[in-house]
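Q: Please take a close look at one residue in this structure. Describe its surroundings, then place them in the wider fold, with its cores, pockets and cavity.

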Amino acid sequence: MDRNKSKITQTKNNSATGNQKIVSKFFTDIDGFKEFVAYSGLEIIQLTPGSLEASYFSIQVGDIHFIYAQANQGTQAFGNKLKEYYSFAIVWFVNSGEPYTFRHPIKAQTTLFGFNEMAFDFVFQGGAITEISIPLKTFHTYADKLQRHDLDDKFLTKNHVNLLPTGMKEIKDYLKQLFWLAVHEPTWLQKPDIGKLVADDFVPLLISHIPIKCNSKNFMKPSRRGKLITQAEKKILGHLDQPLTLKQLAENLKSSSSALSYGFQDLFGMSPMRYLKVRRLNAVRQHLKASSPESCIIATLASQFGFYHRSHFTKDYKAMFGELPSETLGKKA
C-alpha cells in the first residue's frame with residue numbers, strides 16, 4: 001500500500017458510505033460518548049471543564065478493527081477488555097501534558113500500549129488516539145510465522161513498550177492511509193480478499209517494530225508516586241458521598257499532602273481535592289441521567305455528594321458540562 005497519505009479526514013454521524021464496516025460518530029456531551037463505547041466494557045469520565053466535542057471513527061477490515069478517537073477535553077477511560085482480541089494503541093497528539101496508562105507516562109513518538117488483555121486504563125488531557133484490535137489467533141499466527149516466540153503471555157502482560165521513532169512513524173503512516181481510504185474510497189474495503197491483504201501488510205509491520213530483546217529502556221518506569229496515587233484514587237472513590245479532606249487522605253495513606261498533590265497534578269492535571277470534586281460532579285450527572293424529572297430533587301441529590309450550596313454547585317456543574325443540572329435531568333423526559 002502507498003503510505004504517502006498523511007491526513008486523517010473524518011465524516012460526521014452516519015457517513016453516507018453505504019458500508020457497514022465504517023462507523024463515524026460525533027459527540028457533544030460525555031454521556032453520548034460513554035453510552036456509545038459501553039459495549040466494549042469501558043467507562044469514561046470527563047476531567048476538565050467545558051463542553052465536550054469528541055469524534056469516533058472506526059473501520060473493520062477482515063477481523064481487524066481500527067479505531068480513531070479524538071476529544072477536546074481531558075478524559076479518563078477504564079474497564080475490562082474484549083477477551084478475544086489483543087488491542088494495541090498509540091497516541092496521535094495531546095492537547096496538553098502527558099497521557100498515562102496504568103500510571104505510566106506515554107510518549108506519542110514511541111509508545112505502543114494497551115495490549116494487556118485484562119483491563120484498560122488511560123488518562124489524557126484531550127487529544128487523539130488510535131486502537132487496533134487484532135484477534136488472538138491472528139496475532140499469534142503471524143508472530144509464529146515471523147518466529148517471534150518472545151511475544152508470549154509474559155510480554156503481553158507488560159501493557160506498554162517503546163518502539164524506535166522510525167518504526168512508530170511507519171506504523172502511523174500506514175494507518176493514516178488506511179483511514180484516508182476508508183473516508184475517500186470506502187468501496188475499497190468491499191473488495192474481495194482485502195481483509196487478508198491488510199492483515200498480511202499490517203500485522204507483520206506491527207510485530208516487526210516491537211523490539212526483539214526488550215530491556216528496561218523499552219518498558220517505561222511507572223511514575224514515582226504511581227502506587228500512592230492509585231491507592232488515593234480508591235479512597236476518593238469510596239468517599240464520594242462522605243466528607244474527606246486532603247489532610248485526612250494523606251494521614252490515611254501515611255503520606256504527605258505535598259506528595260499527593262504533586263502526584264495528582266502529574267497524572268490528572270489537578271489537585272486531589274479538585275479530582276474529588278470532578279468525580280462527584282460526574283457521579284451526580286450519572287444519577288441525573290438515570291432519574292425521572294418527577295421524582296428527582298436536584299438539591300437533595302447534590303447534597304448527597306457533598307454539594308451543600310446550591311448556587312455554587314450549579315455554577316460548578318455548568319462549568320464542567322456546559323449545561324445546567326436541570327437541563328441534564330430534563331433530557332430524561
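Serine 58 and its surroundings

A: Setting aside residues within four places in sequence, serine 58 makes contact with Lys21, Ile22, Val23, Phe66 and Ile67. The model is predicted, and this list is computed from it. Serine 58 belongs to strand 3, which covers residues 54–61. The residue counts as buried because its relative accessible area of 10% is under 20%.

One of these contacts leads to the largest pocket. Ile67, a contact of serine 58, is among the residues closest to the centre of that pocket, along with Tyr39, Leu42, Tyr56 and Glu131. The pocket holds about 690 Å³ of space and is lined by 34 residues. Strand 4, residues 64–71, supplies the largest share of the lining, with 6 residues. By class, the lining consists of 20 nonpolar, 11 polar and 3 charged residues.

The second largest pocket has about 170 Å³ of space. Its lining is made up of Gln76, Phe78, Phe102, Arg103, Asp121, Thr230, Glu233, Lys234 and Leu237. Two elements give two or more residues to it: strand 5 (75–80) and helix 5 (226–237). Helix 5 gives the most, with 4 residues. This lining divides into 3 nonpolar, 2 polar and 4 charged residues.

Enclosed space is a separate matter. A search of the whole structure turns up 1 cavity of 30 Å³ or more. The volume of the largest cavity is about 40 Å³. Around this cavity are Thr28, Asp29, Ile30, Gln46, Gly50, Ser51, Leu52, Arg285 and Phe321. Of these lining residues, 3 are nonpolar, 4 polar and 2 charged.

Next come the nonpolar cores. The largest has 58 residues, and within it Leu260 and Phe268 touch the most other members. Helix 8, residues 272–290, is the element that gives the most to this core, with 7 residues. A second core, separate from the largest, has 44 residues, including Ile90, Ala143, Leu189 and Leu206. Leucine 260 can be described in the way used for serine 58. Beyond its neighbours within four places in sequence, leucine 260 is in contact with Leu228, Ile229, Ala232, Leu246, Leu249, Ala250, Leu253, Ser255 and Pro272.

For the protein as a whole, there are 11 helices and 12 strands. The chain has 333 residues, of which 51% count as buried, and serine 58 is a buried residue. Among contacts with a separation of 6 or more, 76% join residues that are 24 or more positions apart. The exposed area is about 16200 Å², with carbon and sulfur atoms supplying 53% of it.

To return to the starting point, serine 58 lies in strand 3, is buried at 10% relative accessible area, and has Phe66 and Ile67 among its contacts.

How values were computed
Residues numbered from 1 in each chain as written. Predicted model: local features only at pLDDT ≥ 70, side-chain atom pairs only at ≥ 80, totals over all residues. Heavy atoms only, no water. Buried < 20%, exposed > 50% of the residue type's maximum accessible area, 1.4 Å probe, protein only. Contact = heavy atoms within 4.5 Å. Core = buried A, V, L, I, M, F, W, Y, C linked by side-chain atoms within 4.5 Å. Areas by Shrake-Rupley, 256 points an atom, 1.4 Å probe, with all protein chains shown as cover. 1 Å grid on protein atoms, 1.4 Å probe; cavity = no way out; pocket = protein on both sides within 12 Å on 5 of 7 lines; lining within 4 Å. Points joined across faces, edges and corners; volume = space filled by probe spheres on them. Nonpolar A, V, L, I, M, F, W, Y, C, P; charged D, E, K, R; others polar.
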